[in-house]
Amino acid sequence: MYSDVSSCNTYNYGDALYWDARYVQEAESFDWYQRYASLRPLVRRYIPTSSRVLMVGCGNALMSEDMVDDGYENIMNVDISSVAIDLMRRKYEHMPQLNYMEMDVRDMSFFPDESFDAVIDKGTLDSLMCGSDAPISAARMLGEVSRLLKPGGIYMLITYGDPKVRMPHLTRSIYSWKIVLYAIPRPGFKKPAGSSSNSHLEPVPITETGLLPADFVLDDPDSHFIYVCKKMDETTDPSNISSHPLIADAS
């Protein structure tokens, strides 16, 4: 459970000063990894539009706006950067479905326990894994996510981290999460003609130890992984983490 040294550079992505400086220089909207259109089938499958959603590390991305356009009614967006939050508050002051707060995801004590039906994380855990004290920061964030989720709630993690580096953090018994894994090729990736393709709408198989099977081949070696983590309780059926049908992407 170490930091993602091989995927990081010299920047401290867990530092508010880094992000403030970046958003001053790069005010134009930017979505990490995937746009909502690519993630929509999975978001709509696991997170009903009536859910109270927490978007951690929202930055200046269009993800929340796109979700509101798709029918989502209540999204709380938090980020460690005051610059990003001020920018987004002004941009979306006309959109009551979106709220913005400056907040460190490692301490979200402002919110009471079980405040949200879903938490979406697109690159925020990854950022902490590149910062100082990465394992401690990750544990603090994930502990807060677990605390804030209602029983049966969904934590959807979109990350570059494969199961070897993410499952040790996600499978700690204190979280009681039932996890389903998906993999989505990078935007613009084209598989060689004539080769077979996996459906990114189908779960990726994982072994009993939480790893990819040795014979499983990703369409894109640098795919993004989506971990759908459901907070279990005594009344939750672990055999089915969603009763909502899979909705294909549609305009």
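**Figure 1. Ala-118 and its partners in the neighbouring strands.** In this predicted model, Ala-118 stands opposite Ile-154 of strand β5. Ala-118 of β4 is also the bridge partner of Val-53. β4 and β5 pair in the parallel sense over 6 bridges. Strand β1 (residues 52-56) pairs with β4 in the parallel sense as well, over 4 bridges. Of the 7 residues of β4, 6 are buried, so this strand is largely enclosed by the rest of the structure.

**Figure 2. Helix α2 and the elements that cover it.** Helix α2 spans residues 36-46, and 8 of its 11 residues are buried, so the helix is largely enclosed by the rest of the structure. The buried residues of α2 are Tyr-36, Leu-39, Arg-40, Pro-41, Leu-42, Val-43, Arg-44 and Tyr-46. Arg-40 and Arg-44 are thus listed as buried together with Leu-39 and Leu-42. The cover over the buried residues of α2 includes α3 (63-69) and the strands β4, β5 (149-159), β6 and β7 (224-231).

**Figure 3. The largest nonpolar core and the surroundings of Phe-111.** The largest nonpolar core holds 35 residues. Those with the most contacts inside this core are Leu-54, Val-78, Met-108, Phe-111, Tyr-155 and Trp-177. Helix α6 (residues 134-148) supplies the largest share of the core, 6 residues. Leaving aside residues up to four places away in sequence, Phe-111 touches Leu-54, Met-76, Val-78, Met-101, Met-103, Phe-116, Arg-147 and Leu-148. Two of these, Leu-54 and Val-78, are themselves among the residues with the most contacts inside the core.

**Figure 4. A second nonpolar core.** Apart from the largest core lies another one, of 33 residues. Val-43, Cys-58, Tyr-72 and Ile-85 are among its members. Val-43 is also one of the buried residues of helix α2.

**Figure 5. Glu-114 in the loop between β3 and β4.** Glu-114 is found in the loop that runs between β3 (98-102) and β4 (116-122). Although Glu-114 is not a glycine, its phi is positive, at about 55°. With a relative accessibility of 43%, Glu-114 counts as partly exposed.

**Figure 6. Ser-176 in the loop between α7 and β6.** The loop between α7 (163-170) and β6 (177-184) contains Ser-176. Ser-176 has a positive phi of about 55° and is not a glycine. Its relative accessibility is 40%, so Ser-176 counts as partly exposed.

How values were computed
Residues are numbered from 1 along each chain as its sequence is written. This is a predicted model: local features need pLDDT of at least 70, side-chain atom pairs count only at pLDDT 80 or more; totals for chains, interfaces and linings use all residues. Side-chain values use heavy atoms; hydrogens and water are left out. A nonpolar core is a set of buried Ala, Val, Leu, Ile, Met, Phe, Trp, Tyr and Cys residues joined through side-chain atoms within 4.5 Å. Buried means under 20% relative accessible area, exposed over 50%, partly exposed in between (1.4 Å probe, protein chains only). Helices (H or I, at least four residues) and strands (E, at least two) are DSSP runs, numbered from the N terminus. Contact means heavy atoms within 4.5 Å. Two strands pair if DSSP finds at least two bridges between them.
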